Amino acid sequence: MITSEEFLERLRRMRPNCYMHGELIKRDDPRMLVSMKDILMTYDLAQDPKYDGFITATSHISGKKINRWNHIHQSVEDLLLKQKITREFSHMSGTCIQRCMGCDMMNALSVVTKEADEQNNGKTEYYARFLNFLKEWQDKDMIGAAAQTDVKGDRLLRPHEQADPDLYLRVVDRKPGGIIVRGCKVHTTVGQYCDELIVTPCRSLTPEEKDWAVCFSIPADTKGVKLLVEAANPTPRKAFPAEVAKHGIGHTTTIFDDVFVPYERVFLDGETRLGGRAALLFALYHRHSYTGCKPAYTDILMGTTALIAEVSGIEREQHVRHKLAQMISVAELVNAAGIAAAYTSTKASSGTQIPDVVFCNVGRKHAGENIYHEYDILCDICGGQPQTMPYEEEYANPEFRPYLDKYFARKKDVPPETIHRAFRLAQDLLAGPLTSNMQIAGVHGGGSPIMEDIAILGTYDIEEKKNIARRLAGIPEVDPKAKKRK
Ligand SMILES: Cc1cc2nc3c(=O)[nH]c(=O)nc-3n(C[C@H](O)[C@H](O)[C@H](O)COP(=O)(O)OP(=O)(O)OC[C@H]3O[C@@H](n4cnc5c(N)ncnc54)[C@H](O)[C@@H]3O)c2cc1C
């Protein structure tokens, strides 16, 4: 394992290809350092003996101690620990832990590369390539971005039907040593401060879509890769420095302008049957990660709601207690879905543990459907203060501070600074630069809501439920297998 400083050194050595506000920026640009603070934290915490065995794991291929976010889950316990560290570490930063991206992609690839070789009767060597890459990945303690979502053009057209075939990333040429890819992935979290861009298709593919059925990983500074940066960073604090104001999150629009990918880094090529499987597996692992980070974020919104209610003297009011109970129900049901998904997980032929599809998706769906409701609750309990309160400079000004301490007082005996700090936190959560990121990610991250419904309905046994109804109604039951055959 490496330290956060060693990781930063590695980023500094990369070819500059990140563009922001009209500039070619360095990967250690001060704005990037805020966006990547959580990533740095994952290195620092792994060095802390207190977290040994929690944030660290033992590699199943080398036997070495590795960061748990670089681990391929081997057991129910591994899935439970991944979910638990995600919830716990999101509490520390107040935002998205970000390192799940690479972890979820690598787990998906560990399953699909092995399945592809099996389906090809050993004629391909995707799994061996993957294992070589995994070894490097774990030894170098790398960060990966999940570059899955294509720009997609006309939403109702398949990749090969689009007016421009590059609207889904595809192979445009095959050379003796590798392939050439072209396309653009969007919303790539950690794209500007990762080691590797790990690429999979974002949908199922038909037999004529061989060129789109491609999975690979390449260094993020590879020739032809251009990263257009967005950074959702919190408003810096002056008068009331606080942890929440130190952690942002960044995304890129990731352009692949005829990029060469050597074969040793190609993990699927032309396997249309498995392109969709790769996409679904990443989404599945990612939705399981959400059963850790979404409850964490509800915890943060809920704790802030309770704190504001406390300093305002309304904590014991019925409507406040009812709203807190709603938030608890969201956090703990989503968490419970993740635990259930781990306990009902299955083993892939590669040995990787795969969480249950229905539990992961119902958990993620419940979180997504409630995200704006949670903000609504915090907004209700806060009143208008998070939007209209004076800037920090006025709090720092000795002329105004006595007025602000006097007039913003609430419950007797609560120190003015506690009140200022609580509302400043509520402002960061409700009206700060990260607010929209957490809201939009709450709905679309890991796939739009309809994708959860498709995953649930595609797996769930509705026929069995209809037979329950038939039994109760006195209607003859139908053999679901006979129905499928028709
Ligand atoms: C903050 C954030 C971080 C993200 N991080 C990552 C990341 O790290 N890596 C990554 O790969 N992706 C990432 N995503 C992308 C995320 O998975 C997508 O936003 C999501 O899959 C939706 O895709 P889209 O944004 O293109 O929206 P669209 O697909 O355009 O969806 C918009 C609406 O159109 C509907 N729609 C789309 N297609 C059809 C169709 N064929 N028929 C009917 N209706 C349709 C959808 O159901 C939805 O209601 C991130 C997203 C956000 C917001």
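The following paragraphs go through the overall build of this protein chain, which is a predicted model.

Secondary structure comes first. The protein chain holds 17 helices and 14 strands. With 486 residues, the protein chain would have a radius of gyration of 23 Å by the globule rule; the model gives 24 Å, close to that figure, so the chain is as compact as a globular protein of that length. Its C-alpha trace extends over about 75 × 70 × 50 Å along the principal axes.

The chain is split into two parts: domain 1 covers 4-277 and domain 2 covers 283-463. Their C-alpha centres are 25 Å apart. Where the two meet, domain 1 contributes 44 residues to the contact and domain 2 contributes 45 residues.

Contacts and burial can be read for the chain as a whole. Of the contacts with a separation of 6 or more, 75% join residues that lie 24 or more positions apart. Buried residues account for 54% of the 486 residues, where buried means under 20% relative accessible area.

The outer surface and the charges remain. About 21200 Å² of the protein chain is exposed, and 57% of this area comes from carbon and sulfur atoms. The protein chain carries 63 positive and 65 negative charges, and the mean positions of these two sets are 3 Å apart.

Methods: Residues numbered from 1 in each chain as written. Predicted model: local features only at pLDDT ≥ 70, side-chain atom pairs only at ≥ 80, totals over all residues. Heavy atoms only, no water. Helix = DSSP H or I, 4+ residues; strand = E, 2+ residues; numbered from the N terminus. Rg over C-alpha atoms; globule rule 2.2 N^0.38 Å. Buried < 20%, exposed > 50% of the residue type's maximum accessible area, 1.4 Å probe, protein only. Contact = heavy atoms within 4.5 Å. Areas by Shrake-Rupley, 256 points an atom, 1.4 Å probe, with all protein chains shown as cover. Lys, Arg positive; Asp, Glu negative; His and termini not counted. Charge placed at Lys NZ, Arg CZ, Asp CG, Glu CD. Domains from an automatic or database assignment.
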